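This report describes the structure shown below. It proceeds from strands to helices, chain contacts and backbone geometry.

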Amino acid sequence: MVVYSFYIFDRHTECIYAKTWLPPTSSSESHAPGGPTTTLRPASADDAKLIFGTVFSLRNMVRKLGGDDDAFVSYRTAHYKLHFYETASSLRLVMLTDTATLSMRNVLHQIYINLWVEYVVKNPLSPVEHKGGVGVRNELFELGLDQFIGGLM
Amino acid sequence: MFVTVFALIIINKAGGLIYNRTFHEGGLHKISTNDYLVLAGTFHGVHAITARLNPLKPAATLNRTSTSSSTTTTAATGAGGGAPFARPDPPSGLEVLETENFRMQCFTTLTGIKFLLFTDTTQANVDLTTRRVYDLYTDYVMKNPFYQLEMPVRCDMFDRKLGSYIREINNR
Amino acid sequence: MAHLGPGKAASSKEQAGLRYPSNGKTIYHRPLNRTKTAELSQSSFAYLFSEMVTYAQRRVTGIQELEKRLNLQGHPIGLKLLDLLLTREPPRSQTRPLTIIALLHFIKINLWTHLFGRQADRLEKSSDPDAPDEYMIVDNEPLVNAYISVPREMSQLNCAAFVAGIIEGVCDGAMFPARVTAHSVGGKEEGEMWPGKTVFLVKFQPEVLEREALIGKG
């Protein structure tokens with residue numbers, strides 16, 4: 001299982017956290033001929049917007065077709081798989097993995113309960129609204145997330 | 001465990017809805033034809049974006065962009081990698097969408113027509129069903145002299161054959 | 001043409017503008033029986049026929065005219081097939097059909113087997129006493145209509161008019177002048193078993209019946 005990237009969007013549709021995991025081989029060998037066949041595309045700020053747009057459209061489409069209680073879980077293309085989890089407070093967690101990965105709904109839920117609530121919500125120094133990602137990028141959250149994802153891979 | 005097919009939507013290469021049909025009542029919410037048209041257009045756009053969001057870029061295209069500035073390295077990478085001359089994969093967008101209540105399989109033909117098959121959440125050979133639906137489309141729509149390309153599909157024969165094929169699946 | 005030997009000069013002159021195989025063998029040199037069992041792709045036929053219908057549809061004013069055009073496309077094929085199929089018969093039965101029944105049997109069995117790989121489904125004589133010159137050949141699912149859905153506003157149309165033209169060509173070639181038309185009857189009788197069921201109505205000219213009566217007396 002490979003995790004490519006992870007995003008958090010707040011209820012104002014703003015991307016308040018983004019992180020990508022580079023495959024260990026790509027950084028050093030990307031220019032060598034005959035190296036790895038694929039490298040990670042440099043993530044841009046546009047990506048977050050595009051991902052949110054996609055997820056938002058699909059979520060609305062799913063609700064229209066499957067009813068208001070239905071929830072969009074994931075989609076897969078030939079190259080990657082996108083997992084989506086929305087909390088009751090309209091916090092949206094998105095994770096991109098390789099195609100072979102099974103449902104990551106539980107993983108996203110775990111991140112929400114064990115990391116977000118513990119290290120961001122319960123952090124007295126973090127503001128209520130995370131405008132521009134304020135208060136999310138604290139040491140404990142980053143460390144916890146890295147360890148958690150590292151344990152999965 | 002067999003799948004139940006809820007509905008089929010066909011979208012032409014410009015994002016227009018050309019066919020929609022419900023096979024199983026209660027699988028999906030009923031929405032108006034106008035909403036279906038909007039949905040087809042939205043999905044067409046989303047599909048294009050999902051193809052672009054690919055976090056993995058083939059090395060071939062990266063090499064080409066990085067070497068285009070200097071001609072000396074082009075030969076080296078071309079001879080060493082061999083990949084720059086390979087034909088790139090066609091862009092691939094969303095293929096499977098999963099939700100709590102249904103599953104949607106999207107099959108894109110080489111000519112850009114999209115077949116969206118809505119089924120229940122079990123994963124059993126939906127690929128095969130989509131292929132077969134495509135077969136029926138090529139037979140009873142494309143070989144029909146009265147069908148105009150890119151226009152809504154109104155072919156009795158297609159309706160009939162598709163109906164009996166899906167009924168066979170849903171009654172298993 | 002330049003690569004041909006000097007011996008072929010005369011023939012290549014006649015063939016000017018056409019491709020002529022360098023070994024001099026055209027389809028006219030091949031034995032007629034050799035392609036007897038060869039089969040063609042149904043898909044390629046379907047696409048070709050689809051284009052034929054589209055072509056016939058250009059600048060037509062009505063369904064009748066469209067059917068007439070399809071009929072005309074089939075007519076020469078019928079004329080030629082009569083010759084070919086008779087040639088392929090064993091020598092003792094290599095005569096053209098002389099009675100209406102023999103002709104219709106020839107169409108139902110030989111022509112249908114050659115064109116569609118099976119016999120026609122039924123042969124009927126009109127039960128109407130006012131129309132003793134009408135015969136019917138029934139095909140439950142005509143091959144030409146296999147992939148065709150006729151739009152609702154043209155429900156009168158049956159593209160098997162092309163096959164009707166072939167039948168008409170065979171009848172004309174055998175000196176049984178007739179008018180042949182194709183009619184859809186699926187869905188009316190026998191339920192929905194054969195939705196594409198087609199009846200080819202063969203209406204012979206009065207002189208044919210006159211001759212038939214004379215032969216019957218003699």
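In this predicted model, strand β3 (residues 178-184) of chain C pairs with β4(C) in the antiparallel sense, over 7 bridges. Within this pairing, C:V180 stands opposite C:V202 of β4(C). Strand β4 (residues 198-204) of chain C also pairs in the antiparallel sense with strand β2 (residues 134-139) of chain C, here over 6 bridges. In that pairing, C:L201 of β4(C) is the bridge partner of C:M136. The two faces of β4(C) can be listed separately: C:T198, C:F200, C:V202 and C:F204 make up the covered face, whereas C:V199, C:L201 and C:K203 make up the uncovered one. C:V202, the residue opposite C:V180, thus belongs to the covered face, and C:L201, the bridge partner of C:M136, belongs to the uncovered face.

**Composition of chains B and C**

Chain C has 6 helices and 4 strands, and from the N terminus on its elements follow the order α-α-α-α-β-β-α-β-β-α. Chain B has 5 helices and 6 strands, in the order β-β-α-β-α-α-β-β-β-α-α from the N terminus on. The table sets out values for the two chains.

| Chain | Residues | Buried residues | Share of contacts with a separation of 6 or more that join residues 24 or more positions apart |
|---|---|---|---|
| Chain B | 172 residues | 35% | 50% |
| Chain C | 218 residues | 28% | 59% |

**Helix packing in chain C**

Helix α2 (residues 42-57) of chain C packs against helix α3 (residues 63-88) of chain C at an angle of about 130 degrees, and the two axes are 9 Å apart. Because of that angle, α2(C) is oblique to α3(C). The crossing of these two helices is right-handed. On the α2(C) side, the contact is made by C:M52, C:A56 and C:Q57, and on the α3(C) side by C:L66, C:R69, C:L70 and C:Q73. By class, the residues of this contact are 4 nonpolar, 2 polar and 1 charged.

**The sheet shared by chains A and B**

Strands of chains A and B form an open sheet of 10 strands with antiparallel pairing, in the order β2(A)-β1(A)-β6(A)-β5(A)-β4(A)-β4(B)-β5(B)-β6(B)-β1(B)-β2(B). The edges are β2 (15-20) of chain A and β2 (17-22) of chain B, each of which pairs on one side only. From one strand to the next, the twist averages 10 degrees.

On the chain B side of this sheet, strand β1 (residues 5-11) and strand β6 (residues 114-119) run antiparallel and are joined by 6 bridges. B:V5 stands opposite B:T119 of β6(B). Helix α4(B) packs on the sheet and touches β1, β5 (103-108) and β6 of chain B; the direction of α4(B) makes about 135 degrees with that of β6(B). On the chain A side, helix α3 (residues 105-121) lies across β4 (72-76), β5 (81-86) and β6 (92-97) of chain A, and runs at about 45 degrees to β5(A).

**The contact between chains B and C**

Chain B brings 11 residues to its contact with chain C, and chain C brings 10 residues. On the chain B side, α4 (126-140) and α5 (156-170) each supply at least two residues. The largest share of that side, 3 residues, comes from α5(B). The chain B residues that touch chain C divide into 6 nonpolar, 1 polar and 4 charged. Helix α4(B) therefore appears in two settings, as a helix packed on the sheet and as a contributor to the contact with chain C.

**Residues with positive phi**

Most residues other than glycine have a negative phi. Which phi does A:T13 have, although it is not a glycine? The value is positive, about 65 degrees. A:T13 lies in the loop between β1 (3-9) and β2 of chain A. With 12 other C-beta atoms within 10 Å, A:T13 is exposed.

C:R59 is not a glycine either, and has a positive phi of about 55 degrees. C:R59 is placed in the loop between α2 and α3 of chain C. This residue, C:R59, is exposed, with 6 other C-beta atoms within 10 Å.

Notes: Residues numbered from 1 in each chain as written. Chains lettered and ligands numbered in written order. Predicted model: local features only at pLDDT ≥ 70, side-chain atom pairs only at ≥ 80, totals over all residues. Contact = placed C-beta atoms within 7 Å. Nonpolar A, V, L, I, M, F, W, Y, C, P; charged D, E, K, R; others polar. Pairing = 2+ DSSP bridges. Axes fitted to C-alpha atoms, helices over the stretch in contact; angles between N-to-C directions. Buried ≥ 20, exposed ≤ 12 C-beta atoms within 10 Å, placed from the backbone. Parallel < 35°, antiparallel > 145°, perpendicular 65-115°, else oblique. Left-handed = near helix turned anticlockwise from the far one by under 90°.
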